[in-house]
2 protein chains.
Amino acid sequence: MRTITVFVLPGISEITPGADLVSVILDAAASTPDAALRPGDILVVTSKIVSKAEGRQVAAEDREQCITEETVRVVASKVHSGGVTRIVENKLGIVAAAAGVDNSNTPAGTVLLLPVDPDASARALCAGLRRKLGFDVGVLITDTLGRAWRDGQTDAAIGAAGVDVLLDLRGTSDAFGQEMKATLTAVADEIAGAADLVKGKTSQCPVAVLRGLPDLVHPEGYFGGDRGARALVRPPAHDLFRLGSAEAWREGYAAACRDAGLPEPLWD
Amino acid sequence: MRTITVFVLPGISEITPGADLVSVILDAAASTPDAALRPGDILVVTSKIVSKAEGRQVAAEDREQCITEETVRVVASKVHSGGVTRIVENKLGIVAAAAGVDNSNTPAGTVLLLPVDPDASARALCAGLRRKLGFDVGVLITDTLGRAWRDGQTDAAIGAAGVDVLLDLRGTSDAFGQEMKATLTAVADEIAGAADLVKGKTSQCPVAVLRGLPDLVHPEGYFGGDRGARALVRPPAHDLFRLGSAEAWREGYAAACRDAGLPEPLWD
């Protein structure tokens, strides 16, 4: 009977700049026999503690200015009673509200930026854990993302090492012998979400362990390569939602004005 | 140590029209002591078997025609070597490729439509299970959905009963005493994804059980109400991605032409 178990590593306290997350995780896993790590386990680490360990907590008088600095491209924006929410593509290629700039669970007057390169952070963490443990585990680094069309946020993988992020079933056959056409499962995002169910948001539970999918965990240098969570970011050429509907509509309107030799409208 | 367990119910064979899913699920759960259901369990049921039980498998010469019939509104379309992929809003308000019309795991010449009202299907299944079991469980009905901006698909909840689909943390305080502003967790989608990790796509494992989140499971008529998975569908007024970028651009272009008294362009 196929079973997975997901549990939080107990007793991880506030992370400070320079903290050695390999030791933090191994100490937590050693604190109780139930939490001892095993080969094939996948460690699911909230990006917040990676950012804190990497010194990405910065003083910020103005969160909006920080968001602007982290933004590569504005996808959509929405005015509401509390201000403007900007959905942007950040330096990692990830489309997220507020560019992933976080001011929850940080001291007042500071914000937390995402790790500079979460895949690199995951690789370092994964290598360090494997060296100390003497067996293979996988590492995912997660953030909380909103979605188009669906309310609520889910956790998703923004960094990965030693673990498949996409499971490609295209070309395999279904139970009726028909080829599966469009099934490319974003397992890393499903694992991130599963871990969020035990970690939660307000509690001090930044690391969860998913046990039971050892086939997704690979030794270093395995065939197929370790593409990291970057592989989950849809390439621009395949992205049908590069711009919000209102933003794209305005661009089309302006283009028609240019083509007709008319002045372009000034939007508010 | 907070832990969840997710396992598949063993031995569920092909579902035929009129099948009693309450009995199918209870028989599978009774087939091995490890699978026995407990209070607070959440049953995660692939919509495919609900559709089959409800007779939604239909003969279809032309899958494209079926997609058109299930479509309320085209959101975006994309031409590729294999034809055109249409991302549409279906009758349930859900934005999905091909309107959720499925021709995998169905006999050749047939397609499987989504349940007419998956929340109603979930309510009936949940009530039937509770009556026979004598305790409260939750039911989610799931489908596989693509996402904007991210490659790969994840499972999501399209029907729900007896279980929270959104966990609202807005207004609660984080570890630093600051109010959490934007945290509304789509727990039902995270649970659907977690279940997909054990169910997979090609195997005959259409039902999984998630154990360990009994706080999300509520008795009938509880305060707050049972809003179903419909609550996960973002209302149009809050949807910034009602149209694909190209489609919105064309609408803007055409609007400018109308405003200028010029003929509207004819798109290919």
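**Entry 1: the β5–β6 hairpin**

I began with the hairpin that β5(B) makes with β6(B), where 4 residues lie between the strands and G93(B) takes a positive phi near 85 degrees; helices (H or I, at least four residues) and strands (E, at least two) are DSSP runs, numbered from the N terminus. This is a predicted model, in which local features need pLDDT of at least 70 and side-chain atom pairs count only at pLDDT 80 or more, whereas totals for chains, interfaces and linings use all residues. I note too that residues are numbered from 1 along each chain as its sequence is written, that chains are lettered from A and ligands numbered from 1 in the order in which they are written, and that side-chain values use heavy atoms, with hydrogens and water left out.

The strands β5(B) and β6 (residues 95-97) of chain B are antiparallel and joined by 3 bridges, where pairing requires that DSSP finds at least two bridges between two strands. Within this pairing I found E89(B) opposite V95(B). I then looked up chain A, where G93(A) takes a positive phi near 85 degrees in the hairpin of β5(A) and β6(A), and where E89(A) stands opposite V95(A).

**Entry 2: the β4–β5 hairpin**

Going back along chain B, I saw β4(B) run antiparallel to β5 (residues 83-90) of chain B over 8 bridges, with T71(B) and N90(B) as bridge partners and 2 residues between the strands of this hairpin. In chain A, strands β4 (residues 71-80) and β5 (residues 83-90) likewise pair in the antiparallel sense over 8 bridges, and there I noted H80(A) opposite G83(A).

**Entry 3: a salt bridge inside chain A**

I looked up salt bridges (a side-chain nitrogen of Lys or Arg within 4 Å of a carboxyl oxygen of Asp or Glu), and the count over all chains is 26. One of them joins R56(A) to E70(A), at 3.9 Å from N to O. Because R56(A) lies in the loop between α2 (47-53) and β3 (57-59) of chain A and E70(A) in helix α3 (residues 63-70), the pair ties together parts that are 14 residues apart in sequence.

**Entry 4: where the chains meet**

How many residues does each chain bring to the contact? I find 91 from chain B and 91 from chain A, contact meaning heavy atoms within 4.5 Å. The buried area between them is about 7,700 Å², of which carbon and sulfur atoms give 60%; this is the accessible area (1.4 Å probe) that two parts lose on being put together, summed over both. W149(B), R150(B) and L197(B) supply 12% of what chain B buries against chain A, more than any other three residues.

Across this interface the rule finds 6 salt bridges, among them that of R147(B) with D189(A), whose closest N and O atoms are 2.7 Å apart. On the side of chain B that touches chain A, α6(B) gives the largest share, 10 residues. I also noted that β1 (residues 3-8) of chain A pairs with β1(B) in the antiparallel sense over 5 bridges, with T5(A) opposite T5(B).

**Entry 5: how the copies are related**

Chain B can be laid on chain A by a turn of 180 degrees and a shift of 0.0 Å along the axis, with an RMSD of 0.0 Å, the superposition being by least squares on the C-alpha atoms of residues with pLDDT of at least 70 in both. The two copies are thus related as by a two-fold rotation axis. I record finally that 100% of the interface residues of chain B are also interface residues in chain A, so the copies meet through the same surface.
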